[in-house]
Amino acid sequence: MSKKIIVPPEFESKVDELVRINADYSEAFLDQSHELHKYKERHPTKMLIFKCGDGRLLVSRFCKARLGYLRNFRNIGGKFNMGWLTFQQGLSRILEDNHRTGNGCLAIITYHFSKGDPKRGCAGYEFNVKKSIEGATGFRGQMERAYRELHYQLYPIVVGIETDEEALILHNNQGGKVYLSKMPSNINEEEMSAYLISFFSDMPEQMRYDLLPLLMGNIKHIAEIRESKREIVELNHKEWILGVGGGSAFDFLHIPNVALIAGQYNPNLGKVIKQAFGVIKSHWHEDKKFLTLAAVSYGPGIHEQHARMVVNYYNRLIHEVASEFFHELLPHMHQIRVLVDIETQKMKMV
Ligand SMILES: [Zn+2]
């Protein structure tokens, strides 16, 4: 962290914590980067995860995936629209790059809910599970229509996340649905693989093969969660960072319930930031301090100066929205801007 960055004393511990989380993640990321590279050779399908910015949805943790393996897209409610120009361009670029390597993309479009209490569900959809599923399904259809006539190998599916047990629900494109939480915890790879052949019968074989380890990981994770008997209080919103930005810039916040991410793709970004502030406000109390974090990745293909300008713009927008709609929160929040190096996942404050 640069010495020029001045942090008011009441926010110091939060900023230190953020710096520590990033340093730990970056170290772990670099430690296993060779392993990740080898893994991607065996499992070349690009895994695109579209998810809500809710701080509890750590899909790679739920699936025991290697750090940096999943390409995450985050937005409040897991809402995306192919009509958002920069989003469409970003996604098309990923598909194009991947196509050049001869591999496919599996788009995993998620929604989330809690089986124990609707109020632990998705604030972005006002806790309405039916609407969340409709949103995910609608986006899946839109994505299919957008790329149907193009040459990419893209297969979009809808996947639910039940957050009490952090368990996945698979939806196939014929209306079928299967809860991994209801599968036997000792199911082996051969059995799961046979199941997938009938459930995702038209999914390319390589994609099914690459999806398998993620599902086996989730089966193991569900068993561990059941074993741990964790407290319900852990399951509620407790985020102390409101993030705006995207790409892989927030991957390092790989800890439950730390950050709520507003995303960056909706052209009406102010509206999304306002919604995120609304969620933070709903569980805010007088003694709570929080950070806002504008973060953008830079590295191959993304010029650092450009990323810096984007981060500055997000930071300004955060301030504008807070001043206009959440004036009472201003003394309790501190704004941070960071650039995240794609190759090392190290962040630097600007
Ligand atoms: Zn949500």
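**Close-up views of a two-domain chain**

**View 1. The two domains of the predicted model.** In this predicted model, the centres of domain 1 and domain 2, taken over C-alpha atoms, are separated by 24 Å. Domain 1 is assembled from two stretches of the protein chain, residues 9-21 and 237-349, whereas domain 2 covers residues 43-233.

**View 2. The side of domain 1 that touches domain 2.** Where the domains meet, 21 residues of domain 1 are in contact with 18 residues of domain 2. On the domain 1 side, at least two residues come from β8 (259-261), and at least two also come from α8 (269-282). The largest share of this side belongs to α8, which supplies four residues. Sorted by class, the side of domain 1 that touches domain 2 consists of twelve nonpolar, seven polar and two charged residues.

**View 3. The packing of helices α6 and α7.** Two packed helices are described by the angle between their axes and the distance between the axes. Here helix α6, residues 189-199, packs against helix α7, residues 205-228, at an angle of about 125°, and their axes are 10 Å apart. Because angles over 115 but not over 145 degrees fall in the oblique class, α6 is described as oblique to α7. The crossing of these two helices, α6 and α7, is right-handed.

**View 4. The residues between α6 and α7.** From α6, the contact is made by Glu189, Met192, Ser193, Leu196 and Ile197, while α7 contributes Arg208, Leu211, Leu212, Leu215 and Met216. Taken by class, the residues of this contact of α6 with α7 comprise seven nonpolar, one polar and two charged.

Key. Residues are numbered from 1 along each chain as its sequence is written. This is a predicted model: local features need pLDDT of at least 70, side-chain atom pairs count only at pLDDT 80 or more; totals for chains, interfaces and linings use all residues. Domain bounds come from an automatic or database domain assignment. Two residues are in contact if their C-beta atoms, placed from the backbone, lie within 7 Å. Ala, Val, Leu, Ile, Met, Phe, Trp, Tyr, Cys and Pro count as nonpolar, Asp, Glu, Lys and Arg as charged, and the others, Gly among them, as polar. Axes are lines fitted to C-alpha atoms, for helices over the stretch in contact, and angles run from 0 to 180 degrees between N-to-C directions. Angles under 35 degrees count as roughly parallel, over 145 as roughly antiparallel, 65 to 115 as roughly perpendicular and the rest as oblique. A crossing is left-handed if the near helix is turned anticlockwise from the far one by less than a right angle, and right-handed if clockwise.
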